[in-house]
Amino acid sequence: MSEPRSKQFENIFYGLSNTPGILKLAPSGIGWKTSDSENIVTISAEEFKKMQWMRVARNYQLRIALKNGNAARFDGFNKDMFDAVRDLIRTNYKLQLETKDLSVRGWNWGKTEFQGSQLLFNINNKTAFEVPLSQVANSNLANRNEVNIEFTQPDTTEESQGKSKKSSMHELVEMRFYIPGTMIVKDENEENEKKEEGEEEEEEEDGEEMSAAQLFYETVKDKADLGQVSGEGLALFQDILLLTPRGRYDIEVFPTFFRLRGKTYDYKIQMAAVVNLFLLPKLDEVHELFVIGLEPPLRQGQTLYHFLVLQFKQDDEKELVLNIEEEDLKQEYGDRLLPRYECPIHEAVSAVFQGLTKKKINRPSTFTSKHEDVAVKASLKANEGYLYPLEKCFLFVPKPPTYLPFSEILSVTFSRVSASLTKKNDLGGPRTFDMKFNMRSGTEFGFSSLNREEYEVLELYLRSKNIKTIKDTADETALSYSEFMKELDDDDDEVMPAAKRRKSESVDPDDEDSEMDEDFVASSEESDVAEEYDENYSGSESSEDEKKSKKKTSKPKSGKTG
């Protein structure tokens with residue numbers, strides 16, 4: 001039998017790494033490192049349980065099953081390396097190198113199997129693919145029979161972006177499993193207690209019935225470390241209201257990531273994904289908004305959330321003690337974090353995120369509205385919210401959160417700003433105006449229903465930031481409401497029907513001309529009353545009594561008409 005020996009293999013990839021390295025098979029174990037020695041992986045021979053050889057996308061793979069249930073994978077072997085690898089494994093580790101065939105049928109139905117931190121999808125007892133649960137970022141029950149699994153988003157740092165441009169690789173970000181049926185699940189602790197007490201085992205029907213999808217979901221959470229017990233992180237904030245995405249969540253903060261735990265969704269978000277922090281007072285003078293900008297965004301099905309909007313009450317104060325020794329805290333974070341916070345909850349949350357992410361918190365700048373507020377009310381399409389002019393950007397919250405940095409704004413167009421805008425006595429004029437942000441990328445963001453009193457303030461602020469403003473000339477000739485109604489009445493007079501015009505020209509008892517009835521004095525020589533009412537009228541025969549009565553009627557003693 002040959003003696004143990006060592007051998008190296010070049011251009012070998014470890015796990016999901018995109019950088020090749022050198023793999024060394026030594027009697028004491030396996031070692032792998034990149035050419036710059038930045039990444040080094042060592043596995044002791046005592047941990048080996050099984051060795052497998054299989055065809056994968058990157059040529060051939062050596063899969064090492066470990067005794068702790070996990071597996072290590074090394075890709076990039078050529079086909080003619082099989083004999084050399086097999087002899088080394090047999091000589092150094094006293095194990096057989098098994099050849100494993102994968103299913104290439106392409107079916108989308110099969111059976112799932114959990115092996116350590118790996119999820120295997122098998123078709124006809126052959127593995128179709130494996131999912132490393134360590135790469136699972138979130139999982140949730142889409143419905144009773146469907147489980148959604150979301151993977152860690154690709155790194156968006158400048159270094160990784162430079163590498164991705166060279167490789168032009170695509171990554172899987174989401175999978176969905178349809179799992180029908182139900183299962184009977186027993187509590188292991190209760191079974192152990194019954195065995196200790198000598199009780200007979202009950203029938204399976206006495207266990208708890210659970211849907212197969214629910215059991216699959218719970219297993220994924222456990223294997224992927226998504227259901228970590230609370231209290232292990234640095235801080236825990238309970239029952240926090242999020243306006244985007246809507247719901248109440250428990251926020252558990254860890255050194256490199258934080259979790260959102262809700263009734264339906266659980267999220268794991270890397271601290272490296274936090275790109276912006278905003279702490280903004282709401283105009284109701286009751287609440288405070290803490291906005292977290294994310295890149296890559298948070299995924300909820302097909303919806304992407306680039307911002308998390310948290311809402312707190314300004315007078316809500318709670319004592320927060322970080323779950324870390326004070327010496328370790330100073331050594332790891334210096335002055336960025338305090339061991340204890342006794343302040344309003346929004347100040348504590350923002351301070352913890354600022355210390356862990358090393359990001360500056362953006363607060364309201366020098367802008368003051370006409371009503372001495374730090375923002376103006378506006379509407380983005382059908383959504384009402386607040387537009388905050390900040391030091392280097394505009395931010396619209398709460399829904400949809402819209403971030404407009406000054407560096408990307410080409411110009412701002414004001415519309416529905418007529419000449420009557422500045423007339424304080426023109427109560428019939430327009431009370432609101434619109435403003436549109438023209439971005440350098442070609443996109444546009446239109447905000448409407450801004451109070452007309454804020455126009456001059458916003459225009460001056462934009463000019464102070466050297467942002468070009470444009471006044472839409474299409475509305476310069478627009479009439480105010482009162483002017484429009486007056487002109488409409490003039491047009492009605494010109495086209496008024498003749499009968500209606502004659503009626504309007506008739507004597508109105510309330511008209512000024514009606515006052516002549518009271519001032520009129522009849523003369524004995526002249527009378528406006530003609531014919532039979534005149535005393536000299538002789539056109540008909542009548543009795544003397546009738547003539548006298550007519551005479552009295554035509555010449556009243558009072559000298560006034562009846």
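**Cis prolines, sheets and cores in a predicted model**

Pro398 sits in the loop that links strand E29 (393-397) to strand E30 (402-405). The model is a predicted one, and in it the peptide bond joining Val397 and Pro398 is cis, with omega at about 5°. Another cis bond turns up between Thr244 and Pro245, this time with omega at about -10°. Pro245, too, belongs to a loop, the one between strand E17 (235-244) and strand E18 (247-253). These bonds are worth a look, given that most peptide bonds are trans and most residues other than glycine have a negative phi.

The phi side of that rule has its exceptions here as well. Asp239, found in strand E17, has a positive phi near 55°. Its relative accessibility is 48%, so Asp239 counts as partly exposed, falling short of the over 50% needed for exposed. Lys381 also has a positive phi, near 60°, and is placed in the loop between strand E27 (376-380) and strand E28 (383-389). At 77% relative accessibility, Lys381 counts as exposed.

Stepping back to the whole chain, the protein has 562 residues, of which 39% count as buried. Its secondary structure amounts to 11 helices and 34 strands. Among contacts with a separation of 6 or more, 49% involve residues 24 or more positions apart. About 35,300 Å² of surface is exposed, with carbon and sulfur atoms supplying 46% of it.

Towards the N terminus, strand E1 (residues 7-14) pairs with strand E2 (residues 21-26) in the antiparallel sense, over 4 bridges. Gln8 has Lys24 in E2 as its bridge partner. The two strands make a hairpin with 6 residues between them, and Gly15 in the turn takes a positive phi of about 60°. E1 also pairs with strand E7 (residues 71-77), again antiparallel, over 2 bridges; here Tyr14 stands opposite Phe74.

Helix H1 (residues 82-93) comes out as expected: at 1.5 Å a residue its 12 residues should span 16 Å, and the end C-alpha atoms are indeed 16 Å apart. Buried positions in H1 are Phe82, Val85, Leu88, Ile89, Thr91, Asn92 and Tyr93. Right after the helix comes Lys94, with a positive phi near 55°.

Further along, strands E12, E13 and E14 form an open antiparallel sheet in that order. E12 (136-143) and E14 (174-178) are the edge strands; each has a single partner, so one side of each lacks a neighbour in the sheet. Ignoring direction, neighbouring strands are turned by 20° against each other on average. E13 (residues 146-151) and E14 are paired over 5 bridges, with Ile149 opposite Met175 in E14.

As for the interior, the largest nonpolar core holds 40 residues, and Phe237, Ile251, Phe258 and Phe353 have the most contacts inside it. Helix H6 (residues 345-357) gives this core its largest share, 7 residues. A second, separate core has 26 residues, including Met51, Tyr60, Leu66 and Phe82. Back in the 40-residue core, Ile251 has plenty to touch: leaving out residues up to four places away in sequence, its contacts are Ala235, Leu236, Phe237, Ile240, Leu242, Phe258, Arg259, Leu260, Leu310 and Phe353.

Methods
Residues numbered from 1 in each chain as written. Predicted model: local features only at pLDDT ≥ 70, side-chain atom pairs only at ≥ 80, totals over all residues. Heavy atoms only, no water. Pairing = 2+ DSSP bridges. Axes fitted to C-alpha atoms, helices over the stretch in contact; angles between N-to-C directions. Expected span 1.5 Å × (residues − 1). Buried < 20%, exposed > 50% of the residue type's maximum accessible area, 1.4 Å probe, protein only. Contact = heavy atoms within 4.5 Å. Areas by Shrake-Rupley, 256 points an atom, 1.4 Å probe, with all protein chains shown as cover. Core = buried A, V, L, I, M, F, W, Y, C linked by side-chain atoms within 4.5 Å.
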